[in-house]
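Student: Could you go through this structure with me? I'd like to start with charged pairs and then move on to other things.
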Amino acid sequence: MNTEQTGLGARAAKHAALADRARLRLVDLLTLGDLAPSEIADSLGMPSNLVAHHLSVLERAGLVTRTRSEADRRRSYVRLAPAGLAGLAPSPTAAARRVVFVCTANSARSQLAVELWARRSDIPATSAGTRPAAEVAPGAVAVAARRGLDLQGAVPRGLDGVVEPTDLVITVCDAAHESFEGAALHWSVPDPVRVGTDAAFDAAFDDLERRIDELATRLRAA
């Protein structure tokens, strides 16, 4: 069994253990501090034999550990295992030499995505458009400035001469995704230029930022 399959098995076991509402409540309590089994029973209004069963399931999944009290050796405390919850999220699953963000005009979403990516990852990134505009949208320049980024001097570009076979291509608008078949991933981010308001550009920025934060943790440099 390879490393990826082993990791998937461990994640599946943890998710299965947390699928029970009582065990999920128990883990919620342990995020705040360590508890004796009797304290868990009191907090959850649960009989001790049922607490013992749930703790056994969580221990087998690697989510909790027990230690003996230094004062009363007959007493034990349950705590979250170090990094016990960390393995629930997907682990790095892909490698890329460069990321290319593609939208239709290359005037807003893809330009913002490149700047956000540079703030989050060391993997190089660039952008292009299926039908590039003459200039970057003023609303994109403005939202970038509000959020500490700089799009001054950015120029829209077409796909020709930009996209290479080794690139991870991400389309960030539906029109680009439906007209360009070379994308590995698609993010359906609403077009802020079409609406034109600050709120629309802020929403697009927030959407891109969230997606980039999630992808950056899963992507490793080739």
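Student: Which residue forms a salt bridge with arginine 98?
Tutor: In this predicted model, the partner of arginine 98 is aspartate 167, and the closest N and O atoms of the two are 2.7 Å apart. Side chains of opposite charge can pair when their charged atoms come close.

Student: Where do those two lie?
Tutor: Arginine 98 lies in the loop between strand E3 (94-96) and strand E4 (99-103), while aspartate 167 lies in the loop between helix H6 (138-146) and strand E6 (168-171), so the salt bridge ties together parts that are 69 residues apart in sequence.

Student: And how many salt bridges are there in the whole structure?
Tutor: A search of the whole structure gives 15 salt bridges.

Student: OK, switching to helices: at what angle do H2 and H4 pack?
Tutor: Helix H2, residues 21-30, packs against helix H4, residues 48-60, at about 75°, and their axes are 10 Å apart. Angles of 65 to 115 degrees count as roughly perpendicular, and H2 and H4 are therefore described that way.

Student: Which residues make the contact?
Tutor: From H2 they are Ala22, Arg23, Leu26 and Val27, and from H4 they are His53, His54, Leu55, Val57 and Leu58. By type, this contact has 6 nonpolar residues, 2 polar and 1 charged.

Student: Last topic: what lines the largest pocket?
Tutor: The largest pocket, with about 250 Å³ of space, is lined by 15 residues, and Thr104, Arg109, Cys173, Asp191 and Arg194 lie nearest its centre. Helix H7 (174-179) and helix H8 (192-195) each give two or more residues to this lining, which divides into 8 nonpolar, 3 polar and 4 charged residues.

Methods
Residues are numbered from 1 along each chain as its sequence is written. This is a predicted model: local features need pLDDT of at least 70, side-chain atom pairs count only at pLDDT 80 or more; totals for chains, interfaces and linings use all residues. Side-chain values use heavy atoms; hydrogens and water are left out. On a 1 Å grid over the protein atoms alone, a cavity is a set of points where a 1.4 Å probe fits but cannot get out, and a pocket is an open set with protein on both sides within 12 Å along at least five of seven lines; lining residues have an atom within 4 Å of a point. Grid points are joined across faces, edges and corners, and a volume is the space filled by probe spheres set on the points. Helices (H or I, at least four residues) and strands (E, at least two) are DSSP runs, numbered from the N terminus. Ala, Val, Leu, Ile, Met, Phe, Trp, Tyr, Cys and Pro count as nonpolar, Asp, Glu, Lys and Arg as charged, and the others, Gly among them, as polar. Axes are lines fitted to C-alpha atoms, for helices over the stretch in contact, and angles run from 0 to 180 degrees between N-to-C directions. Angles under 35 degrees count as roughly parallel, over 145 as roughly antiparallel, 65 to 115 as roughly perpendicular and the rest as oblique. Contact means heavy atoms within 4.5 Å. A salt bridge is a side-chain nitrogen of Lys or Arg within 4 Å of a carboxyl oxygen of Asp or Glu.
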